[in-house]
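Welcome! Please take a look at the protein below, and keep its 3D view open while you read this short briefing.

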Amino acid sequence: MDLHVLRHGLAGVRDSRAYPDDGERPLTPKGARRMARQVKGMNAIGLSVDVILTSPLARAFETAEIVHRGLRKAGPLVFCDALAPTGEPSRLLERIASEYASASDVMIVGHEPYLSSLIAVLVSGDLEPVSRLKKGALCKVRIPSLEYGQCGWIEWSLTPKQMVKLG
């Protein structure tokens, strides 16, 4: 399985008056435009996914919607509470293993530091990340046999600028 890990795009500044519930904080107009341009880069490299799992928070869901609409080959878009910033990576992996075991390409859309910790677990078995994903960054992890712990390797990682240039 190839797991495509995408951090949400540029979001509004944290502001408890404008967004008392931080989960409602959306992408900025610039963030939405840039993500649409990044999807062109995803198409240029032939990215296709069987399913897109997204955090229920607004900025991640908006990012996932843009990818879902723009990607030439994209399976269904599905909410996944285990991708919320307070979610459990083990629950996420259990869900993927049980519901999407036959999928060859799964995309997850979420937040930092959760995503970098998840990547670290998959490639090293340790929750401590060695790097962080920028907003809008995409990382492909090749996983021959999905499990919680060291089970795969990073095949590539693209910054938002790189994806825009590819498109």
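What volume does the second largest pocket have? The second largest pocket comes out at about 170 Å³. Please keep in mind that this is a predicted model. With that said, here is a tour of its hollows, one of its helices and a few single residues.

**The second largest pocket**

- A total of 14 residues line this pocket, and His8, Arg14, Arg25, Arg59 and Glu112 are the closest to its centre.
- Sorted by class, its lining holds seven charged residues, four nonpolar ones and three polar ones.

**The largest pocket**

- The space in the largest pocket amounts to about 250 Å³.
- Its lining is made up of 18 residues, and those nearest the centre are Ile119, Ser131, Arg132, Leu133 and Ile154.
- Two elements, helix 4 (114–124) and strand 8 (153–158), each provide at least two residues of this lining.
- Helix 4 gives the most, with five residues.
- The classes here are ten nonpolar, five polar and three charged residues.

**The cavity**

- You will find one cavity of 30 Å³ or more in the structure, and the volume of the largest cavity is about 30 Å³.
- To locate the largest cavity, look for the residues that line it: Gly9, Leu10, Gly31, Arg34, Met35, Gln38, Lys135 and Gly136.
- Four of these lining residues are polar, two are nonpolar and two are charged.

**Helix 2**

- Here is a small check you can follow: helix 2 covers residues 58–70, which makes 13 residues. At 1.5 Å a residue it should span 18 Å, and because its end C-alpha atoms are 18 Å apart, the model agrees with that expectation.
- Which residues of helix 2 are buried? They are Ala58, Arg59, Ala60, Thr63, Ala64, Ile66 and Val67.
- An α-helix has 3.6 residues a turn, so residues three or four places apart point the same way.
- The buried residues of helix 2 pack against helix 1 (29–44) and against four strands: strand 1 (2–7), strand 3 (51–54), strand 5 (77–79) and strand 6 (105–110).
- Arg59 links two parts of this tour, being one of the buried residues of helix 2 and also among the residues closest to the centre of the second largest pocket.

**Ser117 and Val13**

- Ser117 sits in helix 4. Is Ser117 buried or exposed? Its relative accessibility is 15%, so Ser117 counts as buried, given that buried means under 20%.
- The side chain of Ser117 reaches the backbone oxygen of Leu127 at 3.3 Å.
- Beyond its neighbours within four places in sequence, Ser117 touches Asp126, Leu127 and Pro129.
- Val13 is found in the loop between strand 1 and helix 1. Val13 is exposed because its relative accessible area is 70%, and the cut-off for exposed is over 50%.
- Again leaving aside neighbours within four places in sequence, Val13 is in contact with Tyr19 and Arg25.
- Between the C-alpha atoms of Val13 and Ser104 there are 36 Å, while along the chain the two residues are 91 residues apart.

**A cis peptide bond**

- Where is Pro113 placed? Pro113 belongs to the loop between strand 6 and helix 4.
- The peptide bond that joins Glu112 and Pro113 is cis, with omega at about 0°.
- You have already met Glu112, as one of the residues closest to the centre of the second largest pocket.

Notes: Residues numbered from 1 in each chain as written. Predicted model: local features only at pLDDT ≥ 70, side-chain atom pairs only at ≥ 80, totals over all residues. Heavy atoms only, no water. 1 Å grid on protein atoms, 1.4 Å probe; cavity = no way out; pocket = protein on both sides within 12 Å on 5 of 7 lines; lining within 4 Å. Points joined across faces, edges and corners; volume = space filled by probe spheres on them. Nonpolar A, V, L, I, M, F, W, Y, C, P; charged D, E, K, R; others polar. Expected span 1.5 Å × (residues − 1). Buried < 20%, exposed > 50% of the residue type's maximum accessible area, 1.4 Å probe, protein only. Contact = heavy atoms within 4.5 Å. Polar contact = N/O pair within 3.5 Å; in protein donor to acceptor, adjacent residues only side chain to side chain.
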